[in-house]
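Trainee: I keep looking at one part of this model and would like to understand it properly. Please pick a single strand, take me through it slowly, and then show me what lies around it.

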Amino acid sequence: MHRFALPVLVVLLVPLSARAEYADTTSSLKAGSLSLAGEFQVDTFDPAAFGVNLHEAVGLASGVDLVLRQGIPISDQGFYFGGGVKWTLLSASPRASRPGIAAYFGGHGNTAGWGGADAAIVVDYPFNRVRPYLGLDANLDFGRPGDDLVFALGLYGGARIALVTNVAWFVEGGLGILGRPRPHFISTGPRIYIW
C-alpha cells in the first residue's frame, strides 16, 4: 500500500476542476504512459463563460491514473488547477457485454481564492471507434475563511471518438443538478496518448 503514498500526497498538495469537464473515459493508461488533452469549453451561465481546459494523465499502476487539470479563462473565470486519481473499477468488455466503471477523487482551486474537493463516477461502453460515457460529478467548494461551503452536483456525458492511432476527439456536455451557479457546460477537443 505504501507505493500509493506519493500519488495520494500529490493529490492533497496539488488541488480537479470545479466543473465536470473530464474529457476522459473509464479506460486506464498503462503504467508510465501519458495522455495530453485540450478542450474549448462554454459554461452556459448567464452570462456565458468561455475557457480552454488542459488535461494531463499519467498511468501509475494497473487501473490507476494520476490526473492533472488547468483551466485558462477567456472571459470572467479565474485560472483554476486541480489534481486527482482516476481508479478504473471495472474495465469495459464488449465480449462480456460489460460496461466500464471508474471513479475520480481529488481537489481543485483557483486564483480567485476558492478551493474544494471533487468526486465523480463514470460509466462507458465502447462501440467500434466511438465510446460514449455518462458520469455524476460532485464538488464541495469553499472560499476564504467565513465563506459558506457550496455543494455542487452535475450529470455529464460525452463521447470519445477514435480518429487515428493514439489520437481521439472528445465531445462532452454537462447539466448542473445542484449548486449556484449550476454547472451547465459544453466542451470539445482532442486527446493524444503517448505510449
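Mentor: Let us begin with a pair of strands: β2 (residues 49–61) and β3 run antiparallel, and 10 bridges join them. Two strands count as paired once DSSP finds at least two bridges between them. The strands themselves are DSSP runs of E with at least two residues, while helices are runs of H or I with at least four, all numbered from the N terminus. Keep in mind that this is a predicted model, in which local features need pLDDT of at least 70 and side-chain atom pairs pLDDT 80 or more, whereas totals for chains, interfaces and linings use all residues. Residues are numbered from 1 along each chain as its sequence is written, and side-chain values use heavy atoms, with hydrogens and water left out.

Let us make β3 our strand. To see how β2 and β3 line up, find V58 and look across to L66, its bridge partner in β3. Now follow the chain to the turn: the hairpin of β2 and β3 has two residues between the strands, and in this hairpin G63 takes a positive phi near 85°.

How many of the 10 residues of β3 are buried? Strand β3 covers residues 64–73, and seven of the 10 are buried, leaving the strand mostly covered. Here buried means under 20% relative accessible area, exposed means over 50%, and partly exposed lies in between, using a 1.4 Å probe and protein chains only.

The other neighbour of our strand is β4. Strand β4 (residues 80–90) also runs antiparallel to β3, and eight bridges join the two. A good place to check this is Q70, which stands opposite F81 in β4.

While you are there, stay on β4 for a moment and find T88, which lies in this strand. T88 counts as buried because its relative accessibility is 11%. Leaving out residues up to four places away in sequence, T88 touches T26, S27, S28, G63, I101 and A102, where a contact means heavy atoms within 4.5 Å. So this residue brings us back to G63, the residue with positive phi in our hairpin. T88 also shows how the chain comes back on itself: T25 is 63 residues away in sequence, yet the two C-alpha atoms are 9.5 Å apart.

Now step back and see where β3 sits. The 10 strands close into a barrel in the order β1-β2-β3-β4-β5-β6-β7-β8-β9-β10, with antiparallel pairing. Along the sequence the pattern is α-β-β-β-β-β-β-β-β-β-β, made up of one helix and 10 strands. Of the 195 residues of the protein chain, 46% count as buried.

On the far side of β2 you meet β1. Strand β1 (residues 34–43) runs antiparallel to β2, with 10 bridges between them, and E39 has N53 in β2 as its bridge partner. These two strands also share some aromatic rings. The structure holds four aromatic pairs, and F40 and F50 form a stacked one, 6.2 Å centre to centre with 20° between the planes. The pair links F40 in strand β1 with F50 in strand β2, 10 residues apart in the chain. For such a pair, ring centres of Phe, Tyr or Trp (its six-membered ring) lie within 6.5 Å; planes under 30 degrees apart are stacked, over 60 edge-to-face, and the rest tilted. F40 counts as partly exposed because its relative accessibility is 38%, and F50 counts as partly exposed at 33%. Elsewhere, Y133, Y156 and F170 form one aromatic cluster.

Finally, have a look at some loops. In the loop between β4 and β5 (100–110) you will find S93, which is buried because its relative accessibility is 13%. Setting aside residues up to four places away in sequence, S93 touches R98 and Y125.

You met a positive phi in a glycine earlier, but two asparagines have one as well. N128 is not a glycine, yet its phi is about 55°. N128 lies in the loop between β6 (115–124) and β7 (130–142) and is exposed, with a relative accessible area of 84%. N166, too, has a positive phi, near 70°. You will find N166 in the loop between β8 (150–164) and β9 (167–178), and at 28% relative accessibility N166 counts as partly exposed.
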